[in-house]
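Subject: Structure for your review

Dear colleague,

I am handing over the structure below, and I would be grateful if you could look through it before reading my notes. What I found in it follows directly afterwards.

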Amino acid sequence: MTPVIVLSLMGLILGLGLAFASDIFKVEIDERLEKVTDLLPGLNCGACGYPGCSGFAEGIIDGKVEHLSDCKPGKDEHYDAILEYLKDHPAPDGTVTNVQK
Ligand code: SF4
């Protein structure tokens, strides 16, 4: 009976430790990142100079990308959709990205 109690207590303590650690080390992710990634062509070709579409989307969100046309396979419909989305969804601090076509 003692091993069962000891293992149960160890499980409880380790579980609480993991819950505590996950709360401390959680990473905040900008909700716009997933949407902008979805609005890109999705070829993950790297022609934009970023490691795939999610990397390019992260550059857009972070303000590192100046021109959406750096995504060579992209068409006006992709660029317009992204610009429209970002216009309606500014950063959490209220800043609007200055990316252009
Ligand atoms: S160039 Fe466009 S399609 Fe290719 S990885 Fe970059 S964002 Fe994706």
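P92 sits in the segment after helix 4, and because only 10 other C-beta atoms lie within 10 Å of its own, where 12 or fewer is the limit for an exposed residue, P92 is classed as exposed. Although P92 and K35 are separated by 57 residues in sequence, their C-alpha atoms are 15 Å apart in space. Please bear in mind throughout that this is a predicted model.

The segment after helix 4, which itself covers residues 76–88, also contains N98. N98 counts as exposed because it has 9 C-beta neighbours inside 10 Å. From N98 to I82 there are 16 residues along the sequence and, C-alpha to C-alpha, 12 Å in space.

Within helix 4 itself, one residue I looked at is E77, which is exposed, with 10 other C-beta atoms within 10 Å. The C-alpha atoms of E77 and L39 are 9.2 Å from each other, while 38 residues separate the two along the chain.

As for the overall architecture, the protein has four helices and zero strands, and the order along the sequence reads α-α-α-α. The C-alpha trace spans about 70 × 30 × 20 Å along its principal axes, and the radius of gyration is 21 Å, whereas a compact globule of 101 residues would have a value near 13 Å. Buried residues account for 17% of the 101 residues. Of the contacts with a separation of 6 or more, 58% are between residues 24 or more positions apart.

Helix 1 comprises 23 residues, from 2 to 24, and its first and last C-alpha atoms are 33 Å apart, which is close to the 33 Å expected at 1.5 Å a residue. Helix 1 is also hardly covered, in that zero of its 23 residues are counted as buried.

Where, then, is the largest nonpolar core, and which residues have the most contacts inside it? This core has 15 residues, and those with the most contacts inside it are V36, L40, F56, A57, I60, C71 and I82. Helix 2 (31–39), helix 3 (53–62) and helix 4 each contribute at least two residues to the core, and helix 3 gives the most, with five. Leaving aside residues up to four places away in sequence, L40 touches C53, F56, A57, C71, G74 and H78. As general background, nonpolar side chains in soluble globular proteins tend to be buried together.

The ligand is surrounded by 16 residues, of which C45, C48, C53, F56 and C71 are the closest. By type, this shell divides into 11 nonpolar residues, four polar ones and one charged one. F56 and C71 thus appear in two places, since they are among the residues closest to the ligand and also among those with the most contacts inside the largest nonpolar core.

One backbone detail may also deserve your attention: N44, in the loop between helix 2 and helix 3, has a phi near 50°, which is a positive value in a residue other than glycine. N44 counts as partly exposed because it has 14 C-beta neighbours inside 10 Å, which falls between the limit of 12 or fewer for exposed residues and that of 20 or more for buried ones.

With best regards

Methods:
Residues are numbered from 1 along each chain as its sequence is written. This is a predicted model: local features need pLDDT of at least 70, side-chain atom pairs count only at pLDDT 80 or more; totals for chains, interfaces and linings use all residues. A residue is near a molecule or strand if its C-beta atom, placed from the backbone, lies within 6 Å of it. Ala, Val, Leu, Ile, Met, Phe, Trp, Tyr, Cys and Pro count as nonpolar, Asp, Glu, Lys and Arg as charged, and the others, Gly among them, as polar. The expected span of a helix is 1.5 Å times one less than its number of residues. A nonpolar core is a set of buried Ala, Val, Leu, Ile, Met, Phe, Trp, Tyr and Cys residues joined through C-beta atoms within 7 Å. Two residues are in contact if their C-beta atoms, placed from the backbone, lie within 7 Å. The radius of gyration is taken over C-alpha atoms; the globule rule is 2.2 Å times the number of residues to the power 0.38.
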